[in-house]
Amino acid sequence: MSQQQQQQQQQQQSYTIWSPHDTVKDVADSLGIANINEDVLRSLAMDVEYRILEIVEQAVKFKRHSKRSTLTTSDVAKALRVLNVEPLYGFEEGSSRDEAIKFNKLDNVNGQTLYYLDDEEVDFEKLINTPLPEVPRLPTFTAHWLAVEGIQPAIPQNPNINELRLSQVPLQRGAIVSPLNENSVQTSLQTTDDEERQNTANRTVATQVKPGAANEAKPLVKHVLSKELQIYFEKIVSALTNKDDDTNAQRMKAAALTSLKSDTGLHQLVPYFIQFIAEQITHHLEDLELLTTMLEMIYSLLSNQSVFLDPYIHSLMPSILTLLLAKRLGGNGSKSATEDKKLDEQNKKDFLEKTNAVRDFASSLLLHVLKKFPKVHKSLKPRVTRTLLKTFLDINRSFGTYYGCIRGVSVLGNETIRFFLGNLQNWSKLVFEEYDSSPSESVKKGKNLTELEIKLLANLIVTTLENLKSDLPSSYDSKDEITEEEKTRLKERCGITVSNIILEKEDARKLYDAIFFGEL
């Protein structure tokens with residue numbers, strides 16, 4: 001085999017594009033190293049190729065993250081620095097010159113083309129006499145607690161709380177009031193000039209203003225909110241609070257709710273929306289249409305898969321429970337007939353249907369929240385149950401509060417319904433003012449309700465008790481009639497009014513067995 005064929009075979013067996021004969025051997029010859037083994041040359045070439053590929057990969061990453069399409073010398077220098085390799089000084093783009101380094105071409109130098117840097121000439125004497133720069137400090141870092149469980153510790157690294165209280169006041173619209181200022185007033189992003197002047201007059205935070213100087217409100221904590229998000233918030237608020245009944249207003253309202261339900265990137269506006277909902281519900285309990293819109297807004301936020309609402313559930317629950325248990329919804333029309341004699345029976349019935357529809361919507365939202373966040377807030381359901389029980393046992397509540405309380409109990413599950421069932425007889429006796437055979441033995445207490453209100457509450461209680469039928473086994477089948485002894489027992493458990501409605505139902509026997517299921 002000839003020597004040329006041997007060289008070709010060795011080149012084919014090489015695992016690298018760098019030929020040991022053309023590259024590594026030339027470098028070795030230039031350094032005065034001769035007679036190197038072919039295996040050594042091949043290994044060095046493969047290692048050089050690996051190092052170069054690693055540097056190029058890192059440089060390409062810097063280029064990609066810089067949103068550029070051209071690989072520059074700065075990318076290579078950064079790649080060398082990341083790989084703990086000393087960079088080539090003088091070849092980093094923009095390091096010491098305004099423009100990139102340019103190489104000049106010089107042809108026909110001993111038959112070769114030569115590239116060189118056109119460096120400017122520097123006076124050596126001037127360079128020697130130039131004073132040396134100051135030695136830079138070594139880079140150091142330290143750590144400190146910015147806040148511990150929401151409380152900012154009083155350490156030198158953190159700002160002084162007292163100075164902030166004296167020098168600054170919170171944003172007037174749309175800002176989250178900082179805990180540093182306990183007397184500040186929270187308002188929304190959008191306001192009229194009259195409201196602005198009124199809020200300024202009511203603000204209890206003292207500000208020091210020099211004579212003739214403008215009174216500028218500066219936030220304690222800067223909350224970054226882009227102009228686009230501010231405009232979006234104002235458009236949503238305007239569409240949802242519009243009182244017009246025309247087609248365009250309704251279409252804008254539907255579009256706003258759809259946007260809250262599906263758009264991404266709204267997480268920064270969530271606290272503002274929650275604050276807006278709470279303010280509207282607190283100050284407009286007489287406007288049933290607006291209250292329904294606020295509930296639709298809550299449902300849209302809960303349905304948005306791109307918004308992380310876990311930290312804000314405890315802020316949403318007061319708004320839902322307010323509409324569920326509020327004493328009066330829709331103005332004075334929610335009073336009983338003894339207080340408002342101007343409403344006839346039909347108007348009273350229509351008004352109760354509207355207010356009850358709002359409470360039904362609130363109860364469905366309560367069920368949605370309890371199902372969607374069962375593990376994140378394990379104490380949520382017990383706290384709601386405790387609130388409903390406390391409301392239920394108060395005999396001085398209005399019809400609307402009792403209706404919302406019973407609706408809330410119906411969505412909490414059969415275990416909670418049975419818990420409330422144990423107090424139903426005494427509650428019916430006091431609230432419905434039921435009498436036994438001897439009225440003198442009964443004490444007349446509680447709220448005076450109309451016949452219509454008592455009928456609505458009793459039917460709602462029976463509807464709630466029907467949920468207990470799901471506890472019966474699938475093989476249940478009973479066609480026996482309810483005996484007089486069982487009727488007496490049912491009245492002792494549910495009260496006279498509720499028992500009479502149960503006994504009139506076709507499946508009274510099944511409902512009776514469901515109420516006393518598991519008891520001897």
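Asp360 is partly exposed, at a relative accessible area of 24% (buried means under 20%, exposed over 50% and partly exposed in between, with a 1.4 Å probe and protein chains only). The structure is a predicted model, in which local features need pLDDT of at least 70 and side-chain atom pairs count only at pLDDT 80 or more, while totals for chains, interfaces and linings use all residues. Residues are numbered from 1 along each chain as its sequence is written, and side-chain values use heavy atoms, with hydrogens and water left out.

The side chain of Asp360 meets that of Arg407 in a salt bridge, at 3.0 Å from N to O (a side-chain nitrogen of Lys or Arg within 4 Å of a carboxyl oxygen of Asp or Glu). Because Arg407 belongs to helix 15 (residues 399-410) and Asp360 to helix 13 (residues 345-372), the pair ties together parts that are 47 residues apart in sequence (helices are DSSP runs of H or I with at least four residues, numbered from the N terminus). Arg407 is partly exposed as well, with a relative accessible area of 22%.

In total, the structure holds 14 salt bridges. Another of them joins Lys505 and Glu466, with an N to O distance of 2.9 Å. This pair links distant parts of the chain, 39 residues apart: Lys505 sits in the loop between helix 20 (496-503) and helix 21 (508-515), and Glu466 in the loop between helix 18 (451-465) and helix 19 (484-494). Lys505 counts as partly exposed at 29% relative accessibility, and Glu466 is partly exposed at 25%.

A pairing within one helix is found in helix 19, where Lys487 and Glu484 lie three residues apart, about one turn of the helix. Salt bridges that share partners also join Asp47, Arg51 and Glu54 into one network. For Lys487 and Glu484, the closest N and O atoms of the salt bridge are 3.7 Å apart. Lys487 is partly exposed at 26%, whereas Glu484 counts as exposed at 57%.

Turning to unpaired charges, Asp244, Asp245, Asp246 and Glu289 form a negative surface patch (residues with over 30% relative accessible area and no salt bridge, like charges being joined within 9 Å). The place of a charge is taken as CG of Asp or CD of Glu, and accessible areas come from the Shrake-Rupley method with a 1.4 Å probe. Within this patch, Asp244 lies in the loop between helix 8 (227-240) and helix 9 (247-262). At 43% relative accessibility, Asp244 counts as partly exposed.

Technical notes
Patch = residues over 30% accessible without salt bridge, like charges linked within 9 Å, V, L, I, M, F, W, Y side chains within 5 Å. Lys, Arg positive; Asp, Glu negative; His and termini not counted. Helix = DSSP H or I, 4+ residues; strand = E, 2+ residues; numbered from the N terminus.
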